[in-house]
Amino acid sequence: MKQKRNIKKLYLFIIFISIFTLSLIYKSIRDKNKTMATNTYMTSLTPNLEHKELGKIESIIKYGNNSVIAAHYPIFDNDKLDRNTTSFIQKHIDKFNELIIDNPLADKKYKSELNIDYEVYGSTKNIISIKFTILENTPYYANPKIEIDTFTYDLAKSKELYLVDIMKGKYLETLSNLCTKYFKEQEEFKDYVDKEIFRHGLEPVENNYSNFLLVEDGMVIIFEKYQIFPGELGEQEVKIHYDILEKYIKPQYINRHSVETFAPENTYEGEKKDLEMVRSRKIDPNMPMIALTFDDGPYTRATIPILNTLKEHNSVATFFVLGNRVPKHKDIIQRMVREGNEIGNHSYNHKQLTTISTDELREQISKTQSAIMEVIGSQPKIMRPTYGSYDSRLKAEVEMPMILWSIDTEDWKSRDAEKVSQHVIQNAKDGDIVLMHDLYESTAEAVEAIVPALINKGFQLVTISELYEVRGEVLEVGNIYSRSRGR
Ligand code: ZN
């Protein structure tokens with residue numbers, strides 16, 4: 001009897017202990033959630049596909065003998081602010097061109113490069129922030145020079161906003177204190193936070209905080225490479241949640257509603273629901289064929305007319321697209337596939353792939369594959385290296401056959417429809433791959449002449465994969481192809 005009672009006591013004791021332990025666990029979880037929820041900061045913002053959702057993407061791509069330029073930027077159908085962005089981009093291009101004039105060090109293998117890409121964020125309805133990453137690489141530099149520049153626009157008022165327009169009170173001191181505290185609390189920075197460069201770079205002066213973004217849930221301050229830490233630590237971003245800054249940000253700039261998306265660029269007229277291929281095409285393996293290819297797009301004003309011409313003549317081509325242009329041109333990409341065209345990978349933002357790190361190279365390829373996958377449900381099977389430059393590392397890393405060309409129209413140079421079309425029509429041979437760019441209206445115009453003329457000459461216009469497949473040639477991963485050997 002006594003023993004039974006003791007067992008009962010023991011049970012009660014165990015239950016009591018269990019409840020106590022559970023409540024402790026619960027409390028610690030709750031506290032943890034609480035600190036997580038009220039945490040002032042978050043770590044860095046990773047560039048993401050989503051951050052091209054706002055605005056339309058414009059791209060400038062230039063091929064020189066010793067230098068290459070790819071610049072991407074968003075426009076918002078706001079004349080004044082778009083002009084502001086465009087002139088910022090142009091200034092960088094001019095500065096770069098000046099820098100590389102008579103550059104005896106650069107050669108065909110190691111071209112000087114300017115690459116500008118961006119992310120755009122929306123906070124409140126009309127307020128958007130753009131972050132530009134500007135990469136300059138010339139043989140004069142030991143490492144590529146990377147610069148960050150941000151813009152915040154009030155689209156409704158057509159006004160660029162500076163910190164002083166958005167914030168109030170002792171905001172610089174507040175930003176300085178918060179950011180200093182943040183870095184001091186991070187273990188990884190402990191060897192750097194008592195250095196002069198750290199104090200100097202975080203002083204409460206406007207210039208130290210001029211790179212900022214208003215994102216959905218907070219303000220992001222960006223510290224450029226070398227601003228507060230030695231170069232090897234790179235750029236730093238600190239996100240401060242709006243509730244922490246409530247006293248210092250004017251209320252109209254704090255997110256109160258979700259961002260309205262802007263009208264998509266790529267609504268093309270008609271046939272939107274027509275999911276079948278135009279007409280069935282039959283390829284005669286014994287007849288001559290040619291593959292037209294277009295790089296650097298899609299670009300509404302050139303790609304759409306090119307697709308129209310191809311469709312009209314029941315022909316197809318291959319489009320080597322840029323990953324960063326894909327999310328804004330979903331309709332065009334889908335239409336390409338629907339009408340039997342092929343999509344190839346041409347990197348994410350047109351960097352020179354032979355000069356970047358292996359990690360970055362992989363990212364350039366994989367981000368583009370996923371962007372396309374998201375839109376058409378399958379991934380490209382072929383790739384074209386930017387600027388046509390490749391090396392053994394690229395061949396080893398790109399898990400696709402790489403496609404160059406046998407006819408170079410130099411359409412980017414002449415921008416002359418007549419010249420481009422004549423060049424193709426006169427030089428076309430069975431098995432050729434023709435290089436063009438769906439960036440220029442002059443190219444779209446040339447295509448209007450090229451397609452019927454080649455058909456008249458007895459050529460079939462096919463995609464890259466078709467060109468090889470129907471002739472029983474195998475495209476191998478890691479190999480370079482510039483034409484089909486023929487039958
Ligand atoms: Zn290109």
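# A guided tour, loop by loop and sheet by sheet

Start by selecting Thr409, which sits in the loop between strand 15 (407–408) and helix 11 (411–414). Keep in mind as you look around that this is a predicted model. Is Thr409 buried or exposed? With a relative accessibility of 7%, Thr409 counts as buried, because the cut-off for that label is under 20%. Now show the neighbours: leaving aside residues up to four places away in sequence, Thr409 touches Val420, His423, Val424, Val434, Leu435 and Met436. Leu435 deserves a distance label, since its backbone oxygen lies 2.7 Å from a polar atom of the Thr409 side chain.

Stay in this part of the chain and move along to Arg415. You will find Arg415 in the loop between helix 11 and helix 12 (417–427). Its phi is positive, about 50°, although Arg415 is not a glycine. Arg415 counts as partly exposed, at 43% relative accessibility.

**The zinc site**

Next, select the zinc ion and show its ligands. Which residues coordinate the zinc ion? They are Asp296 (OD), His346 (NE2) and His350 (NE2), at 2.1 Å. If you trace these donors along the chain, their spacing reads D-x49-H-x3-H. Colour the two histidines by accessibility: His346 is buried with a relative accessible area of 2%, and His350 is buried as well, at 0%.

From the zinc site, step to Gly297 and Pro298. The peptide bond from Gly297 to Pro298 is cis, and its omega is near -5°. Pro298 itself belongs to the loop between strand 11 (289–295) and helix 7 (300–312).

Then pick strand 13 (residues 342–345). Both of its faces are covered: Glu342 and Gly344 are buried on one side, Ile343 and Asn345 on the other. Add strand 12 (residues 318–321) to the selection, and you have a parallel pair joined by 4 bridges. One bridge to look for links Phe320 to its partner Gly344 in strand 13.

**The open sheet and its helix**

Now go back towards the N terminus and show strands 2 to 7 as a cartoon. They make an open sheet of 6 strands in the order 2-3-4-5-6-7, with mixed pairing. Which strands are at the edges? Strand 2 (56–63) and strand 7 (159–160) are, each pairing on one side only. Within the sheet, highlight strand 4 (residues 112–122) and strand 5 (residues 127–137): the two run antiparallel and are joined by 10 bridges. Ile116 gives you a landmark here, as its bridge partner in strand 5 is Ile134.

Add helix 2 (residues 79–100) to the view. Helix 2 lies across strand 2, strand 3 (67–75), strand 4, strand 5, strand 6 (145–154) and strand 7. Relative to strand 3, helix 2 runs at about 170°.

Before leaving the sheet, click on Ser158, in the loop between strand 6 and strand 7. Ser158 is not a glycine, yet it has a positive phi of about 50°. At 22% relative accessibility, Ser158 counts as partly exposed.

**Aromatic rings**

Switch on the side chains of Phe, Tyr and Trp. How many aromatic pairs are there? The count comes to 18. Begin with Phe88 and Phe151, an edge-to-face pair with 4.8 Å centre to centre and 75° between the planes. Phe88 lies in helix 2 and Phe151 in strand 6, so this pair ties together parts that are 63 residues apart in sequence. Both rings belong to buried residues, with Phe88 at 11% and Phe151 at 9%.

Your next selection is Tyr182 with Phe183, another edge-to-face pair, at 5.2 Å centre to centre and 65° between the planes. Tyr182 is buried at 6% relative accessibility, and Phe183 is buried at 0%. Widen the selection to see a cluster in which ring pairs link Tyr182, Phe183, Phe189, Tyr192, Phe198, Tyr209, Phe223 and Phe229.

**Out to the surface, then zoom out**

Finish the close-ups with Val474, in the loop between helix 14 (464–469) and strand 18 (480–481). Val474 is exposed, with a relative accessible area of 58%. Draw a distance from its C-alpha atom to that of Pro401: the two are separated by 9.7 Å, though 73 residues apart along the chain.

Now bring the whole chain into view, with its 14 helices and 18 strands. Buried residues make up 50% of the 487 residues. Among contacts with a separation of 6 or more, 72% are between residues 24 or more positions apart.

Definitions and conventions:
Residues numbered from 1 in each chain as written. Predicted model: local features only at pLDDT ≥ 70, side-chain atom pairs only at ≥ 80, totals over all residues. Heavy atoms only, no water. Donors = N, O, S within 2.8 Å, 3.2 Å for Na, K, Ca; no water. Buried < 20%, exposed > 50% of the residue type's maximum accessible area, 1.4 Å probe, protein only. Pairing = 2+ DSSP bridges. Contact = heavy atoms within 4.5 Å. Axes fitted to C-alpha atoms, helices over the stretch in contact; angles between N-to-C directions. Polar contact = N/O pair within 3.5 Å; in protein donor to acceptor, adjacent residues only side chain to side chain. Phe/Tyr/Trp six-rings, centres within 6.5 Å; stacked < 30°, edge-to-face > 60°.
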